[in-house]
Amino acid sequence: MICLTLSDPTLEECVKTTQKNRAWIEAVELRLDYLTPEERENACRFPSMVEIPVICTHRRVQDGGKFSGSEKQRKAELLKALDGNFAYVDIEEDVKKCELDEKARSKGIKIIRSYHDFSGIPNDIYSRVLTLKKRGDIAKIAVTPQGILDTITLFNAEKELKDVPKIIIGMGPYGVATRILYRRMGSILTFASDSEAAPGQLKARDLKELYHADEVNERTAIYGIIGNPVNHSASPLIHNPGFRAIKYNAIYVPFLVDNARAFFALAENLRMRGFSVTVPHKVEVLSYLGNITREVKQIGSCNTVVRTPGLWKGMNTDYYGFLIPILPDIESGRIKNALVIGAGGASYAIVWALRNWGVKVTILNRTLSHAEKIAKINICSFDSLENAANYEGQVDLIVQTTSVGLNTFESPIEGFRFTGKEIAYDIVYKPHMTKFLSDAKAAGCTLHFGDEMLFEQGKLQFEAFTGYHYPRNLKPEL
Ligand code: NAP
C-alpha cells in the first residue's frame, strides 16, 4: 500500500488532501498531533468522512511528532479517537499494554507497534521487529540509515524477517530508495506526504505514477542511479516511463551512495541489472568493473554500469550524449574550434569527444592545474578562467561545463562578449535557461541546453539497460 500521511490542522483539510491524492493511495494516516486541540476532540469522525482505511497516530515530539503535552493526555485523546472506525492504530514501542490495546482489540482495529530512531539504526533491528510484532499485529520500524551499509541492513529485512507483518521505513536521504522499494524489504506499506511530514518522504503521485512502487514484485528488474547528492536527479523521469512504454517489469531508483564498493554489494543483493553513475563516483566505480568499453578506458570515467553474465560492465554515454546535438555542426565544418569552460568530471568526456572529432579545444578553468591535466591527456590548450575575454570572437563553440549556474542565475564568464555567431552549449540542466545561455541568446547565438545532453545520454543508457531503443513518442519533462 501507498499510505498518505495527513498533516493538516483540521479534519476538513485532511479530507481535501485525501481526495486530492485519492488516485494514488490505498490508506491514509491521520496524525492527531498535527490537528488543532479542538479538531482532535472530533477525530473519531474522520474514518467516516473518507472512504479509505485510516491509521490513527498521535506522535510525541521525541518520536518526530508535534505532541508535547502529558502522556496521560495523549493516551486519553487516542482512546477517544478510537470511538471511530479506524483500520489501524499506531502505538509506540515503550507504551505499556493498556486500555488502548483493549479498545482496539474489541473494535477490530489492528495494532501497529512502532519504534523510531532519528539518528541511526539499532544493532538489534531484526530482533526488535520480532519483539514489536509480539506486542501488536504489525511491527513498524522507522530508522535513519547513515550510509549505504545501513541501507543494505534494511533491504536484508525481507530475508531475515520473512512472513512477519511489518512496516520498515528508512528515513532521511539514505532512506529514499527504501521508501520506493518498500516491497523488496517485505514492508506492507510506504508512507507518502504532500509536505514531507517525515524526512525523505516522497509525494504519493511520484510513488504511484513515476515509480509504480506498489507493483514491484520479486520479478521486477531493479535499475538506479548512484551519486551524492542524487535525490534531485532527473534520470528516473527518463527511465521509468521508458520501461513502462516497452512493458518491461522494471524500476529505476535513486540511491544516495557514500561508498561505491558497498553499493556493489547491495547491487548484488538486489540482483540489479544496471545503474547510472553520477558525481562523485564516476571514477571510483572503475575498480569494481570486470569489463569496460573503449570510451571508459580513454576518458577514465564511467557513467553507466550494466550486469553481464558474471561481471559488471562499465560504459560512458556522456560522450555521445554530449555529441549528438552538435554532431551535424561538427560534420558540416561549422564547429572547428571550441572553448570548454570547466575541468571537472563532465569536462573529461566532453573534451575527449571534441578532440576525437577533430575540434581544436581550449579549456578554461578556475583551478589551472585541473585544466592542465585534461589538456595534457587530450593534447589541447588551457588557460585561466580570468582570461576568458581573450577568446571573444575567436571560437565557434563555447561549452559551459562548470556547476556555476546550477540552481542559481550566474555565469562563470560574466561579462563575456558573445558575437552572436557562436554556438553556446550549457550542460547544466537546472534551470533550463541558465545565465550563460541567456547572455548568449541576447547576442543572437545558437543555443543547446543541458537537458538535450541529459536526454541523449539517458536514451543510450536505456538501450544498454534493456536492449531496446528509447520509445520515440516519449519526451519526458526534465
Ligand atoms: P565537478 O566534477 O564537480 O566539476 C565542477 C567544475 O565547476 C570544475 O571545473 C570547477 O572548477 C568548476 N566550478 C565550481 N564552482 C566554481 C566557481 N564558483 N567558479 C568557477 N568554476 C567553478 O562537476 P561535473 O561532474 O563536471 O558536473 C558539472 C555540471 O555539469 C553539474 O552541474 C552537472 O549537473 C552537470 N552535468 C550535466 C550533464 C548532462 O547530462 N546535462 C552530465 C554531467 C554533468 P575547479 O576545478 O576550479 O574546482
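**Exercise 1. Find which residues come nearest to the ligand, and which polar contacts the ligand makes.**

*Solution.* Start with the shell: a residue belongs to it if one of its heavy atoms lies within 4 Å of the ligand. There are 22 residues around the ligand, and Gly 345, Asn 365, Thr 367, His 370 and Ile 427 come nearest. Before going on, note that this is a predicted model, where local features need pLDDT of at least 70 and side-chain atom pairs count only at pLDDT 80 or more, while totals for chains, interfaces and linings use all residues. Residues are numbered from 1 along each chain as its sequence is written, and side-chain values use heavy atoms, with hydrogens and water left out.

Next, look for polar contacts, meaning pairs of N or O atoms within 3.5 Å. In the side chain of Thr 367, an N or O atom is 2.5 Å from an oxygen atom of the ligand. For the side chain of Asn 365, the distance from such an atom to a ligand oxygen is 2.8 Å. Ala 343 uses its backbone instead: a polar atom there is 2.9 Å from a ligand oxygen. Taken alone, the ligand exposes 930 Å², and the protein buries 78% of that (Shrake-Rupley areas, 1.4 Å probe).

Finally, sort the shell by class. It has 11 nonpolar, 10 polar and one charged residue (Ala, Val, Leu, Ile, Met, Phe, Trp, Tyr, Cys and Pro count as nonpolar, Asp, Glu, Lys and Arg as charged, and the others, Gly among them, as polar). Helix 19 (450-466) gives the most to this shell, with three residues (helices are DSSP runs of H or I, at least four residues, and strands are runs of E, at least two, numbered from the N terminus).

**Exercise 2. Describe the largest pocket and its lining.**

*Solution.* Begin with the terms. On a 1 Å grid over the protein atoms alone, a pocket is an open set of points with protein on both sides within 12 Å along at least five of seven lines; in a cavity, a 1.4 Å probe fits but cannot get out; lining residues have an atom within 4 Å of a point. A volume is the space filled by probe spheres set on the points, which are joined across faces, edges and corners.

Now apply them. The largest pocket holds about 1,300 Å³ of space. Of its 47 lining residues, Thr 278, Val 279, Ala 346, Thr 401 and Ile 427 are the closest to its centre. Helix 19 gives the most to this lining, with five residues. The ligand takes the space of this pocket (more than half of its atoms lie within 2 Å of the grid points).

**Exercise 3. Find how many cavities of 30 Å³ or more the structure has, and what lines the largest.**

*Solution.* A search of the whole structure gives one such cavity. The volume of the largest cavity is about 160 Å³. It is lined by 17 residues, with Arg 31, His 116, Lys 140, Ala 198 and Gln 201 closest to its centre. By class, the lining has seven nonpolar, four polar and six charged residues.

**Exercise 4. Locate the cis peptide bonds before Pro 229 and Pro 280.**

*Solution.* Most peptide bonds are trans. The bond from Asn 228 to Pro 229 is cis, with omega near 5°, and Pro 229 is in the loop between strand 9 (221-227) and helix 11. The bond from Val 279 to Pro 280 is also cis, with omega near 5°; Pro 280 lies in the loop between strand 11 and strand 12 (291-292).

Notes
A polar contact is a pair of N or O atoms within 3.5 Å; within protein, one must be able to donate a hydrogen and the other to accept it, and residues adjacent in sequence count only if both atoms are side-chain atoms.
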